[in-house]
Amino acid sequence: METLIFSTERTSIRFAIDGDWTANEFAEFLQQTSDVYDRINSIYILRQAIDSEAQFNEQARAQSNYDKQVFTWHSELFGRSLHHPMGTFGIQPPQYERLLELTRSVSQPLEVDAISYASPGWIQLIGDWNPLKVLSEFVTKWRGENTKREANRMKFENDRFRIQAELAAKLLDAAPKMERHHEGGTSRLIDMAESVIKPATGYIHRVGSDSRIFETELAQPGEALPPPRISRRSVP
C-alpha cells in the first residue's frame, strides 16, 4: 500500500465576541466549532485520499503493475463489489461517523491559537485552510443577512435558503467524485448531507445568529490579536 501524505495550508479563524458567557456556553461554542470543523474537513481529506489513490493506481496500470493497485480508501468510502460464480455481492462501507474517526486520525485537530476573553474580546483558532475558509465565508454571509430589516423578511428568508444551498453545493463540489470509486456498492451523498452539510448549516445558523459573536475573519497562525474594541453594549 502506498503511503499518503496529507498536505494542507494552515490558517487561523478569529471570532470577535461580546456580551456575557457562562463557562458552559464558552466551552460548548469551542466544542461545536471543533466538531463542525472536523466534519467539513473530512470532505477535503477524503477527496485528497481518493484522488491520490486513483493517481497511484493510474501509474500502476500504465506500468502494467495491476497487482500493485490499492483501493483502501475507495473501499472505506464507497464499499466494494465481490464477484462470485453465484453472483455479485456488495460489501457496504462503514457508517460516516467511522469515516470521521478515520479522517481525524490523519489530520491535525483544531487548536486554540489565542484567546483574549473580555467584553469585547477575541477567540483565535488554528486549523486547516479549507474548512476554516468555509466557516468564515458562510458565517459572514449569514450574519450579513441577519442585518436585513423586518420589511425585507421575505427576501431575508430567500437569501437564507440561498446561503444554505451555496454551502451544500460548495461541500459537494469538494467531495470525492463518484466516478473515482472502484466497483463501489453505495453512494455517499446522503451520508454527507446528514453527517456534514446538515450539522454545518445548523452551526452557521447558530453562530451567525448569536449577537455575542459579531465578526469572523481569517488570520495568519500566531498573528497577534487586534486591540480590544469598545463594547457595543456601551454604545448609546
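This passage walks through the sheet, the aromatic rings and the charged pairs of one predicted structure.

The model is predicted, so local features need pLDDT of at least 70 and side-chain atom pairs count only at pLDDT 80 or more, while totals for chains, interfaces and linings use all residues. Residues are numbered from 1 along each chain as its sequence is written, and side-chain values use heavy atoms, with hydrogens and water left out.

Let's start with the sheet. Helices (H or I, at least four residues) and strands (E, at least two) are DSSP runs, numbered from the N terminus. Two strands count as paired if DSSP finds at least two bridges between them. Four strands make up an open sheet, in the order E4-E5-E1-E6, with antiparallel pairing. At its edges sit E4 and strand E6 (213-219), each of which pairs on one side only. On average, neighbouring strands of this sheet are turned by 20° against each other, direction ignored; here, axes are lines fitted to C-alpha atoms, for helices over the stretch in contact, and angles run from 0 to 180 degrees between N-to-C directions. Helix H1 (residues 23-62) packs on the sheet and touches strand E1 (10-17), E4, E5 and E6. The direction of H1 makes about 25° with that of E5. Contact, by the way, means heavy atoms within 4.5 Å.

Zooming in on one pair of strands, E4 (residues 111-116) and E5 (residues 121-128) run antiparallel and are joined by five bridges. Ala114 has Gln124 of E5 as its bridge partner, and Val112 stands opposite Leu125 in E5. The hairpin that joins E4 to E5 does so through four residues. Ser119 lies in that loop between E4 and E5. With a relative accessibility of 31%, Ser119 counts as partly exposed; the cut-offs are under 20% relative accessible area for buried, over 50% for exposed, and partly exposed in between (1.4 Å probe, protein chains only). The C-alpha atoms of Ser119 and Arg212 are separated by 9.2 Å, although these residues are 93 apart along the chain.

Over in strand E6 there is Thr216, which is buried, with a relative accessible area of 10%. Not counting its neighbours within four places in sequence, Thr216 is in contact with Ile13, Arg14, Phe15, Ser136, Val139 and Thr140.

Next come the rings. Rings of Phe, Tyr and Trp (its six-membered ring) pair if their centres lie within 6.5 Å; planes under 30 degrees apart count as stacked, over 60 as edge-to-face and the rest as tilted. The whole structure holds four aromatic pairs. In one of them, Trp21 and Phe26 meet edge-to-face, at 6.1 Å centre to centre and with 90° between the planes. Trp21 is buried at 11% relative accessibility, and Phe26 is buried too, at 15%. Phe26 also pairs edge-to-face with Tyr117, at 5.2 Å centre to centre and 75° between the planes. Phe26 lies in helix H1 and Tyr117 in the loop between E4 and E5, so this pair ties together parts that are 91 residues apart in sequence. Tyr117 itself is partly exposed, at 46% relative accessibility. Taken together, ring pairs link Phe15, Trp21, Phe26, Phe29 and Tyr117 into a cluster.

Some rings have a charge above them, which is counted if NZ of Lys or CZ of Arg is within 6 Å of the ring centre and within 35 degrees of the ring normal. The charged end of Arg212 sits over the ring of Trp21, 4.0 Å from its centre. Likewise, the charged end of Lys141 sits over the ring of Phe138, 5.0 Å from its centre.

That leaves the salt bridges (a side-chain nitrogen of Lys or Arg within 4 Å of a carboxyl oxygen of Asp or Glu). There are 18 of them in the whole structure. One joins the side chains of Arg10 and Glu111 (3.7 Å, N to O). Arg10 lies in strand E1 and Glu111 in strand E4, so the pair ties together parts that are 101 residues apart in sequence.

Asp35 takes part in two that can be followed here. Its salt bridge with Arg39 has the closest N and O atoms 3.0 Å apart. Because Arg39 and Asp35 are four residues apart in helix H1, about one helical turn separates them. Arg39 is buried, at 11% relative accessible area, whereas Asp35 is partly exposed, at 26%. Asp35 also forms a salt bridge with Arg104, where the closest N and O atoms are 4.0 Å apart. This pair links distant parts of the chain, with Asp35 in helix H1 and Arg104 in helix H3 (residues 96-105), 69 residues apart. Elsewhere, a network of salt bridges links Lys133, Glu137, Lys141, Arg162, Glu166 and Lys170.
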